[in-house]
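Please keep the sequence and the 3D view open while reading this note. The points below go through some local features one at a time.

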Amino acid sequence: MDTIASFFSFITTPVAWVIVQFHKLYGAIFGPDTGWAWGLSIVSLVVLIRICLIPLFVKQIKATRGMQTLQPEMKKIQERYKNDKQRQSEEMMKLYKETGTNPLSSCLPILAQSPFFFALYHVLNSIASNKTVGSVIDEKLLASAQQAHIFGAPLAAKFMDSAEKVASLDATLLNVRIVTAVMIIMMSLSQFFTQRQLMTKNVDMTVKTPFMQQQKMLMYVFPVMFAVFGINFPVGVLVYWLTTNVWTMGQQMYVIRQNPTPGSKAQAAYLERLQSKLTRSEGAKMRKGERNIVKAIVAKGRDRNDIERKFINGLSKAGLGAQTDGLVAKSDTAVAVAEGDESGAAGGTPKRQQPKRQSKSQRQSGTAQAQPTQSDSDAKTSLQKSGDEPKDSVSKAKSTGAKPGTGTGSGTGNRSKAKSGQRKGPQRPKHPSKK
């Protein structure tokens, strides 16, 4: 660790100078030799560095989302060229170039922080070894830093220090180990919560790729690494790393809340809040970030996910319409669709509706009402037949003295006079063998 810290010694003097400037400010409030003055100086150094790294953090977010979007395509390339690693690498680089994605962009904030981290480690190690840091931390400031204690633990003490070294810094070994152990646990838990927040809330759950498994593995590996390395960090470095973890957690929480990944649980919660806000204000109050998100959703068209479709439909039911520029305003078309108007939004075209399904009892009762009874049909048939008899047959019946409608001789009227045991109507001829 000392070799690595000495490699970044070129930035040690600027880091020490920043700490001294903050120490002057806090020393005037809490006293120059107190742990609050030196501890808050380190915290302020972290805040200053992280503010300068915000553009890199934005690039990290974009790179991470770009990698998540490319996961299906990357998986296809891996399956297609699983036996040709060189061609697989070439296709991967081609995909990165076409989409403008850089896998290393997600590591930029950590890589950019490393020189400041090791420079701070070198400064605190020099304080513990009773060495000045150039002309910035002279003997007077060195003695002040050695007297500074954070909750009873010296600023330059480590968990693995011996009792003699801790005693030389005017502290007890038990107190140093308790304070450093608590800070290491807090540092590991903050790292775990940050990674878990990213995995559970801001990941597209519709895509299952090896990238998600890698992130899940890192969620458990990083806290263990921090715990192992933390026992060799001075208290001041633990303050630095705990502060930067808390900053990362808060910064990521803000990004997840305000600009979530499409298809994630965070997007569902964000669009639900945005829909409620736009419904209350009728789309009058929108921030620039909200307009950009709505604009992106409208531009997707048919490629919207289920969460985004639900958001657009919710606006339509409230009588609002999302426009291509991201603004949301009242829309007559949205009102017509929400109220179920058959004219709809297609210029008066009637909306096709499916017939309502009836139960079995309803279908049976409807059939019974639609079909006439057998007696009614027989009566109607007999009336039609009697009414349709020709007048000639009536006059002929009068002249012969027979009743109308009855047959004479072997006519059709004899069909009703069947023999006993013989059924009425036309008979089927018997088989020749039975004659």
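1. A nonpolar patch is made of nonpolar side chains (Val, Leu, Ile, Met, Phe, Trp, Tyr) joined within 5 Å, from residues with over 30% relative accessible area and no salt bridge. The model shown is a predicted one, and it has such a patch of about 530 Å² on its surface. The residues that make the patch are M217, V221, V224, M225, V228 and F229.

2. Take F229 from that patch. F229 sits in helix α10, which covers residues 210-230. Is F229 buried, partly exposed or exposed? Its relative accessible area is 44%. Partly exposed is the class between under 20% and over 50%, so F229 is partly exposed.

3. Next, two backbone angles deserve a look. F151 is not a glycine, yet its phi is positive, at about 55°. Where is F151? It lies in the loop between β1 (149-150) and β2 (153-154). With a relative accessible area of 68%, F151 is exposed.

4. D170 is the other residue to check. Its phi is near 65°, again a positive value in a residue other than glycine. D170 belongs to the loop between α8 (163-168) and α9 (173-201). Its relative accessibility is 64%, so D170 counts as exposed.

5. Now consider a pair of helices. Helix α3 (residues 35-52) packs with helix α11 (residues 235-258), and their axes are 9 Å apart. The angle between the two is about 40°. Angles under 35 degrees would count as roughly parallel, and 65 to 115 as roughly perpendicular; α3 and α11 are therefore oblique to each other. The crossing of α3 and α11 is right-handed.

6. How many salt bridges are there? A salt bridge here needs a side-chain nitrogen of Lys or Arg within 4 Å of a carboxyl oxygen of Asp or Glu. By this rule the count is six. One of them joins the side chains of K330 and E282, at 3.4 Å from N to O. This pair links distant parts of the chain, with the two positions 48 residues apart. K330 is in strand β4 (residues 328-330), whereas E282 is in the loop between α12 (265-281) and α13 (288-300). K330 counts as exposed because its relative accessibility is 62%. E282, with a relative accessible area of 42%, is partly exposed.

7. Another salt bridge joins the side chains of E290 and R287, also with an N to O distance of 3.4 Å. The two partners are not alike in accessibility: E290 is at 4% and counts as buried, while R287 has 45% and is partly exposed.

8. The side chains of K300 and E308 meet in a salt bridge as well, at 2.8 Å from N to O. Which class does each partner fall into? K300, at 30% relative accessibility, counts as partly exposed. E308, at 1%, counts as buried. Salt bridges can also share partners, and in this way K277, R287 and E290 are joined into one network.

9. For a second look at the view, begin with the patch that includes F229. Then find the positive phi values at F151 and D170, and the oblique pair α3 and α11. Finish with the salt bridge between K330 and E282 and the network of K277, R287 and E290.

Methods. Residues numbered from 1 in each chain as written. Predicted model: local features only at pLDDT ≥ 70, side-chain atom pairs only at ≥ 80, totals over all residues. Heavy atoms only, no water. Patch = residues over 30% accessible without salt bridge, like charges linked within 9 Å, V, L, I, M, F, W, Y side chains within 5 Å. Areas by Shrake-Rupley, 256 points an atom, 1.4 Å probe, with all protein chains shown as cover. Helix = DSSP H or I, 4+ residues; strand = E, 2+ residues; numbered from the N terminus. Buried < 20%, exposed > 50% of the residue type's maximum accessible area, 1.4 Å probe, protein only. Axes fitted to C-alpha atoms, helices over the stretch in contact; angles between N-to-C directions. Parallel < 35°, antiparallel > 145°, perpendicular 65-115°, else oblique. Left-handed = near helix turned anticlockwise from the far one by under 90°.
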